[in-house]
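Please work through the following exercises with the sequence and the structure side by side, trying each task before reading its solution.

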Number of protein chains: 2
Amino acid sequence: MVNDLATIKDVAKLAGVSVATVSRVLNQSNSVKPETVKQVTDAIEALDYHPNFLGRTLRRLETRKILVMVPTISNQFYSRVIRGIQAAAFDHRYHVMLGISGGDSESEQQYIEMLRHRLVDGIIFLHSGMSAEEISELGADCPVVFACEQVEGARVSLVSINDYNAASEATTFLLQNGHRRIAFVSAGDLYASSKLRTKGYRDAIGQYHIPFDPHLVLPEGLTFNAGVRAAKKILQMETFPDAVFLASDTAAFSLISELRKAGIQAGRDISVMGFDNTPTAEYFSPALTTISQPQFDIGKRAMELLLDRIQDPNAPVVTEYLPYRLEIRDSVLLK
Amino acid sequence: MVNDLATIKDVAKLAGVSVATVSRVLNQSNSVKPETVKQVTDAIEALDYHPNFLGRTLRRLETRKILVMVPTISNQFYSRVIRGIQAAAFDHRYHVMLGISGGDSESEQQYIEMLRHRLVDGIIFLHSGMSAEEISELGADCPVVFACEQVEGARVSLVSINDYNAASEATTFLLQNGHRRIAFVSAGDLYASSKLRTKGYRDAIGQYHIPFDPHLVLPEGLTFNAGVRAAKKILQMETFPDAVFLASDTAAFSLISELRKAGIQAGRDISVMGFDNTPTAEYFSPALTTISQPQFDIGKRAMELLLDRIQDPNAPVVTEYLPYRLEIRDSVLLK
DNA sequence: CCTTTGCCTGTAATCGGTTACATCCATTAT
DNA sequence: ATAATGGATGTAACCGATTACAGGCAAAGG
């Protein structure tokens, strides 16, 4: 029945005042007579008027919306990070939108365009396909923060765990429990985090004076399919590893499943260590030993840093590493 | 270095034409001399000009963005639906934004405001806390489609599986395989789908002339925690059920895990049937027997229906049920 | 009684685009 | 030679808000 939304003009007409006065009422300017305020608010009520964002934003250059750019939401890992972002956003009366790039850089550019044109006030990247230079440039112009995943050499704020240390510690834990032939499944050089985790793994091995065997590093990725592929490769090895460390829980689940089909039980015949501590990890069989990231806090902190930058474009670029934790469950054999 | 973005005026000035001409070039109007087009495009190039969405949208009332409203992304189920939506959106040069309501209706209202004010061209709801009347009203004014989850009595388009039939079929499958005491875990009346599934379960039981036992219906929810709670209740029952049918895979995973801790193996001592066929289902131990929904197609179809409605506000309201499939794996004992 | 002060409100410019309409000029038809 | 035609472009109104500035009016001060 109501074709079009009421505009500020309609309200002004009904209240018998100018649009300026209506706007002043809307923005709580104190220079309006209480009587007039009442007339206006009555008119607003009567017309069920809601101010139009576009007009407002066009003037104000503020949307109170931020965008989270995420490569995928299939990976359970991100959901808790996003919840953390939302919590902090809510506290500051901001709204969160999610953009799923799918790893496609054209799609990513479209979302960045939204930022450049102030459809959102800032972006938190959970991943990006852009080069360090592009990111630094964007970060110089607009509020941008990275979380979980960094891009080497990019001058933007980052909240994450220290992937190198975490992987190193996880590997050392395996070594301490008597494992010597440890395979490592990661996403290769695709992500900076993968690179760092690989380095952490390698250096920990080195510390124990175990010769590095490149065949044990399987850059299959972080997905279910990656785990399946890794399992197949492992089953073809002449000497089986006594432990497998995967850079994602997701891949660990499917790897365990595949190995079981071949009669090899994780936590009995072989040790498996995951990474991320996704919600499923504790319910899986065997319950997965993994690195727990403070996902919620990472998200929360990233949002706070973004707000700092929105409020002050010259806020310093910082890198914050949050504590991780080794979650010991049943998939790794202990000495 | 570049403080502000170039505007259409800057381009006009540099090209030595009016803003109208620039706008015409931008919008591929054919009434511009090729020579002039070149001047303008050169200027655009030189200034690295990108048209501002806000100004454009304010006039055009078109954003080529749609919003998907989802209660949570912790649930793995939604990701494939969203991928389907994205695929269809991409084909029609639309962009997808995700709004996570967290079940909070104030948050939901904020996103709806975006639609009302044309910050997006339409919304696909994967769930809503609104009443049927509110939804019908919104649907009358703006392009809105529901997917997966309906709201009884709401006059809006819907794409889903037939939850009643699916639950009924799943229950019948359990009955056919000799199970007689079947517990059912759902979200109670919270979701219409839950209600329908409960009804499907109940009617199937009735078909087999088994007296309905209300104690066997556990409205714990669809989350990991729900599965844990359900397991605890089941373990306290004097007579154990011989099968448990859960309205979500997620809850099934944690239930299986809890039962195992009590020495009860799903697929050996008890049967467990899930719902959704989330990615983890096939890798879980035991691999989960469940109802597979065509999530991708649901999303794709929902997007297509939304586009129909965006293009023609009077497009008919339709309900489309897509085929589901019983995915038989190892968690249900067969006769 | 006239001027000043200050509160309240309206007018109009503005944000960055789009587009109806007017205008100009070169062709073509009469 | 004049009028009609139509292509290319400019002018200005408009979308829905915000806000600087101006102005009106009543109370206070001289």
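**Exercise 1. Decide whether A:Glu327 is buried or exposed, and find its charged partner.**

Solution. In this predicted model, the relative accessibility of A:Glu327 is 18%. The cut-off for a buried residue is under 20% relative accessible area, so A:Glu327 counts as buried. The next step is to look for a partner, and A:Glu327 is found in a salt bridge with A:Arg325, where the closest N and O atoms are 2.3 Å apart. The partner A:Arg325 has a relative accessible area of 47% and is partly exposed. As general background, side chains of opposite charge can pair when their charged atoms come close.

**Exercise 2. Examine the salt bridge between B:Lys38 and B:Asp42, and then the one between A:Glu320 and A:Arg301.**

Solution. Begin with chain B, where the side chains of B:Lys38 and B:Asp42 form a salt bridge with an N to O distance of 2.8 Å. Both residues belong to helix α3 (residues 34-47) of chain B, and because they are 4 residues apart there, about one helical turn separates them. B:Asp42 is partly exposed, at 39% relative accessibility. Salt bridges with shared partners also link A:Lys300, A:Arg301, A:Glu304 and A:Glu320 into one network.

Within that group, turn to A:Glu320 and A:Arg301, whose side chains meet in a salt bridge at 2.8 Å, N to O. A:Glu320 sits in strand β11 (residues 319-321) of chain A while A:Arg301 sits in helix α12 (residues 295-311) of chain A, so this pair ties together parts that are 19 residues apart in sequence. A:Arg301 is partly exposed, with a relative accessible area of 25%. Over all chains, the structure holds 28 salt bridges.

**Exercise 3. Work out the strand order of the open sheet in chain B, and say which helices lie across its strands.**

Solution. The open sheet consists of 4 strands of chain B in the order β7-β6-β8-β9, with parallel pairing. Reading the order from its two ends, β7 (217-218) and β9 (271-273) of chain B stand at the edges, and since each has a single partner strand, one side of each is left without a neighbour in the sheet. Further in, strand β6 (residues 182-185) and strand β8 (residues 243-246) of chain B pair in the parallel sense over 4 bridges, and B:Ala183 stands opposite B:Val244 in β8(B).

The helices can now be placed over these strands. Helix α8 (residues 163-176) of chain B lies across β6, β8 and β9 of chain B and runs at about 170° to β8(B). Helix α9 (residues 192-207) of chain B lies across β6 and β7 of chain B, running at about 170° to β6(B).

**Exercise 4. Describe the protein surface around DNA strand D.**

Solution. There are 26 residues around DNA strand D, and those that come nearest are A:Ile8, A:Ser23, A:Asn52, B:Thr36 and B:Arg59. Among the elements that each supply at least two residues of this surface are α1 (8-15) of chain A and α2 (19-26) of chain B, while the largest share, 4 residues, comes from α4(A). Of the atoms of DNA strand D within 4 Å of the protein, 59% belong to sugar or phosphate and the rest to bases.

Individual contacts complete the picture. A polar side-chain atom of A:Tyr49 lies 3.1 Å from a phosphate oxygen of DNA strand D, and for A:Arg56 a polar side-chain atom lies 3.0 Å from a phosphate oxygen of that strand. With A:Gly55, a backbone N or O atom lies 3.2 Å from a base nitrogen of DNA strand D.

**Exercise 5. Repeat the description for DNA strand C.**

Solution. DNA strand C is surrounded by 28 residues, the closest being A:Thr21, A:Arg24, A:Thr36, A:Arg59 and B:Ser23. The element that gives the most to the surface near DNA strand C is α4(B), with 5 residues. Of the atoms of DNA strand C within 4 Å of the protein, 57% belong to sugar or phosphate and the rest to bases.

For A:Thr21, an N or O atom in the side chain is 2.6 Å from a phosphate oxygen of DNA strand C. A polar side-chain atom of B:Arg56 lies 2.8 Å from a phosphate oxygen of DNA strand C, and a backbone N or O atom of B:Ile8 lies 2.8 Å from a phosphate oxygen of DNA strand C.

Definitions and conventions. Residues numbered from 1 in each chain as written. Chains lettered and ligands numbered in written order. Predicted model: local features only at pLDDT ≥ 70, side-chain atom pairs only at ≥ 80, totals over all residues. Heavy atoms only, no water. Pairing = 2+ DSSP bridges. Contact = heavy atoms within 4.5 Å. Axes fitted to C-alpha atoms, helices over the stretch in contact; angles between N-to-C directions. Salt bridge = Lys/Arg side-chain N within 4 Å of Asp/Glu carboxyl O. Buried < 20%, exposed > 50% of the residue type's maximum accessible area, 1.4 Å probe, protein only. Near = heavy atom within 4 Å. Polar contact = N/O pair within 3.5 Å; in protein donor to acceptor, adjacent residues only side chain to side chain.
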